[in-house]
Amino acid sequence: MSSSSASDWTTLLRENQDQLIATWTRLVEASVAGRMTAGELARDIREIYQGLLVGDGTEAGIRSSAYDGLRGLLADLGRTRARQGFSPTETAVSVFALKQAVLELLDERADLSAYRAFGNLSRVIDDLGLYMLETYAGTRETVIAQQAETLLELSTPVVKLWDGIVALPLVGTLDSARTQVVMEALLQALVDTGSEHAIIDITGVAAVDTQVAQHLLKTVQAARLLGAECIVSGIRPQIAQTVVALGIEFGDITTKASLSDAMLLAMRNSGLDVVSRA
Amino acid sequence: MDRIPILQIGDMLLVSIQVDLQDHTALALQDDLSNRIVETGAKGVLIDISALEIVDSFIGRMISTTAAVSRVLDAETVVVGMQPAVAITLVELGLTLTGVRTALDVDRGIRLLRRTLDEPIGRGDATFDERLTE
C-alpha cells in the first residue's frame with residue numbers, strides 16, 4: 001500500500017470537512033439525545049476530526065506519536081462517558097458514526113475510486129473506536145471496584161444492644177472477603193467493648209450454603225478464643241431446611257429463630273432478667 | 001535464657017506473656033508451669049496473652065498442650081486477652097483450642113475461675129477425694 005493511497009482519506013476528510021462533521025454530529029445526536037447538549041457534542045466531534053487530520057494518514061497506525069493528542073482525547077471521552085453512565089454502544093457510536101457519514105457522502109457522489117480511501121479510513125476508525133472502548137471498560141471496572149469497596153465498609157456495623165451484648169446484623173451475600181472484614185470487625189468490637197455475648201443475625205443473608213456456614217463457624221470459634229459466646233439468630237424457615245438438607249453441622253453453636261429470642265438468651269446468660277412492670 | 005514469670009494469686013497461678021514467644025521459651029514455660037502447679041497445688045491457671053501479637057502453629061499447639069497438662073494436674077486453665085488477629089490466625093490454622101476456657105481479660109478470667117472452682121459439684125468432688133485419702 002503506497003503512502004499516497006493511505007493519505008487519500010485525509011484529503012477526503014479535508015475537502016468535505018463541513019458536510020462530514022454535520023452528518024456525523026446528526027448521527028451521533030440521535031443516539032445520545034438528551035444526554036449531552038448539542039454544543040458539547042459538536043465540540044467533541046470537531047476535536048476528534050481535527051485530531052484525525054493531525055496524523056495525516058501516517059502508516060504507523062494509531063499507536064504512533066502522531067496520534068498522541070487524539071488518543072488522549074478519546075481516552076478522556078471514554079472515561080467521561082463511563083462515569084456518565086453511557087452504554088458501550090452509545091460510547092462507540094460517537095467514533096464509528098464517522099464511517100456512516102463518509103459512506104453517505106460517497107453514495108451521494110457515486111465515486112467508486114474513493115472506496116479504497118474509505119477502506120483505509122475504516123481501519124483507522126475501528127482502531128480508534130476499540131481504543132476508546134478499552135478506556136471506557138477500564139474506567140467502568142475501576143468504578144465497580146470502588147463501589148464494591150464502599151459496600152464492604154458499609155456492610156459491617158457492629159451494634160451494642162446492652163452492656164456486654166453486641167449484635168452484628170448481616171445483609172447480603174457472605175463471601176470470603178466480606179467474612180474476613182465482618183470477623184475482624186466483630187472480634188475488635190468484642191475486645192473494645194469488653195462484651196462476652198455476640199449475636200450474629202443472618203436475617204438479611206439471602207442464602208446459606210456450606211461455605212457461608214463454614215465462615216460463620218470460623219467467626220464463632222474465633223470469638224470463643226477471645227472468651228465470648230456467639231448466638232446465631234434470624235434463621236428463616238427456608239434456610240433451616242437448606243442447612244439440614246446440606247447436612248451442615250452447627251455443632252454446639254446456639255441458634256435462635258429471631259433476634260429478640262437471641263437477645264433474651266444473651267441477657268439471661270449475663271445474669272439479667274426481663275420482667276414486666278404490670 | 002528468658003523465662004516467663006509465674007505469679008501465684010491465692011490458689012491460682014497467673015502467667016503473663018509480655019514478649020513474643022520463642023519456641024524454647026514456650027517449652028521452658030510448659031516445664032516451669034507444671035512444676036509450679038504441683039508445688040503450690042494450684043486449682044486454676046490464667047495465661048494472659050494480651051501482649052502476644054503473633055502466633056504460629058507451634059505456639060498455638062503449645063497453649064493447647066499446656067492447658068491439657070494443667071488439667072491432668074487438676075488445675076483449670078483459662079486463656080485470657082487474646083487479640084482478634086491472633087484468634088483469626090488460630091482458627092485459620094484449625095487450632096480451636098478445644099477444651100481450653102477463654103476470657104476477655106484477666107479480671108473476667110479470675111471471675112470465671114472462681115465460679116468454676118466454687119461450683120457445688122467441684123466441692124462435692126473434693127470431699128469425695130478427701131474421703132478417699134482418709
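How many salt bridges are counted between chain A and chain B? The count is two. This result comes from a predicted model, and the interface between the two chains is described before the folds of each.

The contact between the chains involves 17 residues of chain A and 15 residues of chain B. Together the two chains bury about 1,400 Å². Carbon and sulfur atoms account for 67% of that area. On the chain A side, A:Lys218, A:Leu225 and A:Leu226 supply 43% of the area buried against chain B. No other three residues of chain A supply as much.

A:Lys218 also takes part in a salt bridge across the interface. Its side chain meets that of B:Glu92, with an N to O distance of 3.2 Å. Polar contacts were counted as well. Six residue pairs are in polar contact between chain A and chain B, with both residues at pLDDT 80 or more. Two helices of chain A, α7 (176-193) and α8 (210-226), each supply at least two residues of the side that touches chain B. The largest share of that side comes from α7(A), with seven residues. By class, the side of chain A that touches chain B has seven nonpolar residues, six polar residues and four charged residues.

The sheet of chain A comes next. Five strands of chain A make an open sheet in the order β1-β2-β3-β4-β5. The pairing is mixed. Strands β1 (159-162) and β5 (254-255) of chain A are the edge strands, and each pairs on one side only. Within the sheet, β3 (residues 197-205) and β4 (residues 229-233) of chain A run parallel and are joined by five bridges. In this pair, A:Ile200 stands opposite A:Val232 of β4(A).

Both helices named at the interface also meet this sheet. Helix α7(A) packs on the sheet and touches β2 (165-172) and β3 of chain A. The direction of α7(A) makes about 165 degrees with that of β2(A). Helix α8(A) lies across β2, β3 and β4 of chain A. Relative to β3(A), α8(A) runs at about 165 degrees.

Chain B also has an open sheet of five strands, in the order β1-β2-β3-β4-β5. Its pairing is mixed. The edge strands of chain B are β1 and β5 (101-103), each of which pairs on one side only. On average, neighbouring strands of this sheet are turned by 25 degrees against each other, direction ignored.

Two strand pairs of chain B were examined. Strands β1 (residues 6-9) and β2 (residues 12-16) of chain B run antiparallel and are joined by four bridges. B:Leu7 has B:Leu14 in β2(B) as its bridge partner. Two residues lie between the strands of this hairpin, in which B:Gly10 takes a positive phi near 60 degrees. In contrast to that antiparallel pair, β3 (residues 44-48) and β4 (residues 76-80) of chain B pair in the parallel sense, over five bridges. Here the bridge partner of B:Asp48 is B:Val80 in β4(B). Both modes belong to the general pattern, in which strands of a sheet pair through backbone hydrogen bonds, either parallel or antiparallel.

Salt bridges were also counted over the whole structure. The total over all chains is 19. One of them joins the side chains of A:Arg26 and A:Glu104, at 3.2 Å from N to O. A:Arg26 lies in helix α2 (residues 17-31) of chain A and A:Glu104 in helix α5 of chain A, so this pair ties together parts that are 78 residues apart in sequence.

Helix α5 (residues 88-109) of chain A also holds A:Lys99. The side chain of A:Lys99 makes a polar contact of 3.4 Å with that of A:Ser122. Leaving aside neighbours within four places in sequence, A:Lys99 is in contact with A:Phe118, A:Ser122, A:Ile125 and A:Asp126.

Key:
Residues are numbered from 1 along each chain as its sequence is written. Chains are lettered from A and ligands numbered from 1 in the order in which they are written. This is a predicted model: local features need pLDDT of at least 70, side-chain atom pairs count only at pLDDT 80 or more; totals for chains, interfaces and linings use all residues. Side-chain values use heavy atoms; hydrogens and water are left out. Contact means heavy atoms within 4.5 Å. Buried area is the accessible area (1.4 Å probe) that two parts lose on being put together, summed over both. A salt bridge is a side-chain nitrogen of Lys or Arg within 4 Å of a carboxyl oxygen of Asp or Glu. A polar contact is a pair of N or O atoms within 3.5 Å; within protein, one must be able to donate a hydrogen and the other to accept it, and residues adjacent in sequence count only if both atoms are side-chain atoms. Ala, Val, Leu, Ile, Met, Phe, Trp, Tyr, Cys and Pro count as nonpolar, Asp, Glu, Lys and Arg as charged, and the others, Gly among them, as polar. Two strands pair if DSSP finds at least two bridges between them. Axes are lines fitted to C-alpha atoms, for helices over the stretch in contact, and angles run from 0 to 180 degrees between N-to-C directions.
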